[in-house]
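The following exercises concern symmetry and charged pairs in a protein model. Please study the structure before reading each solution.

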Protein chains: 2
Amino acid sequence: MPAPPERPRPTGRRPGDSGTRDAILDAALALFAERGYDGASLRAIAAAAGVDPGLIRHFFGDKEALFATAVADRMQVAHLLARAASADPTTAGRAMTEAYLGLWEGPDTGPIVRALVRSATTSESAARMMREMIGPRIHDATGGDTALAGRIALAASNLLGVAMARYVIGVGPVVDLPRDELVDRLAPVVQHYLTGA
Amino acid sequence: MPAPPERPRPTGRRPGDSGTRDAILDAALALFAERGYDGASLRAIAAAAGVDPGLIRHFFGDKEALFATAVADRMQVAHLLARAASADPTTAGRAMTEAYLGLWEGPDTGPIVRALVRSATTSESAARMMREMIGPRIHDATGGDTALAGRIALAASNLLGVAMARYVIGVGPVVDLPRDELVDRLAPVVQHYLTGA
DNA sequence: CGGGGAATTCCACAAGAGGGGAGTTAGGAT
DNA sequence: ATCCTAACTCCCCTCTTGTGGAATTCCCCG
């Protein structure tokens, strides 16, 4: 068997409907989630998508725009939390806790929020995006009630810390807690933050 | 006045006791705190210390060793928390909250913990260091009581989330809260996590 | 008053980053 | 059937990174 002729990938457009653009977005999201904004190189993303790095530039321009379309624009997420928070006040704590953990665990949303957090801690532009994304949502959901916004923010901060410990850093005791028990322990506290009761 | 001869810095050892090593450690800590492990380049650290990059290698070997000596080794910190947590049970929540916030705000400890968190979210080796540092301390402080360890971990996670929101990401409502009020709101919750009451 | 080792400089290197441009092929509108 | 545009690959450039080594100067111990 003669050695396969090492032929390079053909140049030019591909026939049919190649879902290349989406492949890039998926790979980008996955790598941003895993390594953060700076750690995910365009080349690595292109490789993961099975695509030439030049294509990224072709489709999205620069890295920040890619991040925005892959991560930020899919963030229809914050209002979901605010909705949970303003639901039936007697169960808001549990609802928000469930919604939040679901966000981190969902196969679609998990990468988004991991990418956001991993990037926001290191890259100022990612942090800015996150602020600009979350701030207005809270403002909308509270109708400008700053006291309520404060309560929601504290509840969300608690959940953020737990998620960091459980899903990002991997702090033993928090990882080992079964999910049910975790919810049972968090829900009353979140409820307390939200309603003050 | 003739143009100053542009003379390059002299090579060779400097006279007197140059605190170069410490200058490097200080600069390294500051930059790790500001940009995280990957974001802080050895060259930038050297520049901030007013020193040739080669010196870092001379003193510390490689980057990980520098991080370890600048950040990790100064972490006499965790046991401080554990101590607060196991103090007088009626005030443990407030004590731990104060101790934790003090950690983030202290001019000496703040950079350490910021560096740790910023790095641990992105760099796996930093995350490992953090785990290896915190895990045993909790184990020691609890004497192997895993239920207690779980309670402390949940309390610490809450505080971690608040600190992330307030000092790292900069979430509006959490930043705007006056410190006193923040403590007043957090302390009872931390107390609840710790004691179950 | 030597001499060895530590502190310090500069230079070099290979690898990888993001970005840009030129050229090739296919799809779709006319 | 023709042409414009979009998809696609390859090559290049410049910058930065971590690391390594050679050369110089000074301190300190004998």
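Three exercises with worked solutions follow; the model is predicted.

**Exercise 1.** Determine what relation places chain B on chain A.

*Solution.* Step 1: a turn of 180° with a shift of 0.0 Å along the axis lays chain B on chain A, with an RMSD of 0.1 Å. Step 2: this is the relation of a two-fold axis. Step 3: within chain B, the residue that comes closest to the rotation axis is B:Gly161, its C-alpha being at 1.7 Å. Step 4: of the interface residues of chain B, 100% are also interface residues in chain A, so the copies meet through the same surface.

**Exercise 2.** Explain which parts of chain A are tied together by the salt bridge between A:Asp184 and A:Arg94.

*Solution.* Step 1: side chains of opposite charge can pair when their charged atoms come close. Step 2: the closest N and O atoms of A:Asp184 and A:Arg94 are 2.6 Å apart, and a salt bridge requires these atoms to be within 4 Å. Step 3: A:Asp184 belongs to helix H11 and A:Arg94 to helix H6, so the pair ties together parts that are 90 residues apart in sequence. Step 4: A:Asp184 is partly exposed at 43% relative accessible area, and A:Arg94 is partly exposed at 38%.

**Exercise 3.** State how A:Arg185 and A:Glu181 are separated along helix H11 of chain A.

*Solution.* Step 1: A:Arg185 and A:Glu181 form a salt bridge, with their closest N and O atoms 2.9 Å apart. Step 2: the two residues are four residues apart in helix H11 of chain A, which means a separation of about one helical turn.

Technical notes
Residues numbered from 1 in each chain as written. Chains lettered and ligands numbered in written order. Predicted model: local features only at pLDDT ≥ 70, side-chain atom pairs only at ≥ 80, totals over all residues. Heavy atoms only, no water. Least-squares fit on C-alpha atoms with pLDDT ≥ 70 in both. Contact = heavy atoms within 4.5 Å. Salt bridge = Lys/Arg side-chain N within 4 Å of Asp/Glu carboxyl O. Buried < 20%, exposed > 50% of the residue type's maximum accessible area, 1.4 Å probe, protein only.
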